[in-house]
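Here is a structure to look over. The questions after it ask what the terms mean and how the values meet them.

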Amino acid sequence: MELAKQLLLLAIRWVRPTVRGTKPVLCNGLSAVPLEDRILILKKGSKPDDRIWFLEIDTQYVRQQQKILGTEVVAWSKGVIGNAEKPVVISGPSGVGKGTLISMLMKEFPSMFGFSVSHTTRAPRGIEKDGVHYHFTEKSIMEKEIKEGKFLEFASVHGNLYGTSVEAVELVADAGKRCILDIDVQGARSVRASTLEAIFIFICPPSMEELEKRLRDRGTETEEQILKRLRNADAEIEQGKSSQIFDFILYNDNLEECHERLKKLLGLDGFVTAPPISGPIEIDLPMDHSVSKIDNKIIINCISSGEKESKNLVILDVSSLKGGAPGRTRGLNFQAIGSFSNGLNGIDQLS
Ligand SMILES: Nc1nc2c(ncn2[C@@H]2O[C@H](COP(=O)(O)OP(=O)(O)O)[C@@H](O)[C@H]2O)c(=O)[nH]1
Ligand SMILES: Nc1ncnc2c1ncn2[C@@H]1O[C@H](COP(=O)(O)OP(=O)(O)O)[C@@H](O)[C@H]1O
């Protein structure tokens, strides 16, 4: 529905919508610009990483939530300049070597990849640390957080609840790293259906006998848990190979060779060290600024009063927004057009 109509409807019916996403903290003033399906909010005088926000009114996520909750919904999302690299989703049956391959990749490229730390209701294994391998949690707490919309996806796997929080993925992207998710096939299907654009890789064992051997040799599960994991493996492999969810299938026979193939499909086979990832460009939005809109370009006129009053023109391009609530909105482009001060014809410098 057209945004203006939607807003009018909300106003006429005095509906109090359910608010999703992370709210911005209060500020001294703001500019609001209505876009097609959301409102752009520019916070005046806030820190660089807290200046651009969106209140989503009619996006895919908002419509989804309206269906689930049966109420009107609006959702907050923080805007981030630039794009994050596509996350990498890795799935495969228990014991196939997902964790081992991910560790190898992260060890070789520590500044390039970051791990999405999932939540789980299963008990920690001996060497596992809370907040590093998983966020170990209670079932009732996780169920409450799922209802509150904190999870990008969740699934019941081998009798326990597992889920990827929106924050887990965004924290990695905020650090300028590419996110790796180790999740089951149901989770991969949910991520495929979400707004998160990712690369999906399924890891296959060379045989069921080898899978059983790896699980037993790992020695982290009871006999009952091993049997449950092996029973589930058949269906997982079947779905992994046939479901169209996955972009690539990798056989983990020889570990080193599989690691090399994984690097190759991520475009990393030629790299000795990780290439630098450029950080976001910062924009300076002083308290005093005015905003106008032409097509998908937001023109911000910043006025700074000093000895000589000067103005800066900044253009914010909102034509290729990515992601959005319940996570950050990425893909914003920002361009400083020029600065001019009150001189000849009002313009004496254009940079
Ligand atoms: N859907 C979903 N699956 C997850 C998540 N975290 C882990 N898993 C999957 O849960 C399954 C069991 O994981 P885990 O208990 O660590 O055992 P392992 O696979 O034997 O190492 C694996 O298939 C994981 O990929 C998550 O956040 N969401
Ligand atoms: N290609 C391989 N050949 C032999 N053993 C492997 C191979 N890949 C992984 N392993 C071993 O198999 C076990 C299960 O691997 P892990 O990474 O924990 O699997 P997953 O995370 O998929 O459950 C570990 O003991 C690991 O060292």
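**The largest pocket and ligand 2**

The largest pocket has 42 lining residues, and those nearest its centre are Gly-99, Arg-125, Tyr-134, Asp-182 and Arg-218. This is a predicted model, in which local features need pLDDT of at least 70, side-chain atom pairs count only at pLDDT 80 or more, and totals for chains, interfaces and linings use all residues. Residues are numbered from 1 along each chain as its sequence is written, ligands are numbered from 1 in the order in which they are written, and side-chain values use heavy atoms, without hydrogens and water.

Q: What makes a residue part of the lining of the largest pocket?
A: A lining residue has an atom within 4 Å of a point of the pocket, which is an open set of points on a 1 Å grid over the protein atoms alone where a 1.4 Å probe fits, with protein on both sides within 12 Å along at least five of seven lines. For the largest pocket, 42 residues line it.

Q: How do you know where ligand 2 sits?
A: A molecule sits in a pocket if more than half of its atoms lie within 2 Å of its grid points. Ligand 2 sits in the largest pocket, so more than half of its atoms meet that limit.

Q: Why is the pair between Gly-99 and ligand 2 called a polar contact?
A: A polar contact is a pair of N or O atoms within 3.5 Å. A backbone N or O atom of Gly-99 is 2.9 Å from an oxygen atom of ligand 2, so the pair counts. A backbone N or O atom of Asp-253 likewise lies 2.9 Å from a nitrogen atom of ligand 2, and a polar backbone atom of Leu-255 is 3.3 Å from a nitrogen atom of the ligand.

Notes. Polar contact = N/O pair within 3.5 Å; in protein donor to acceptor, adjacent residues only side chain to side chain.
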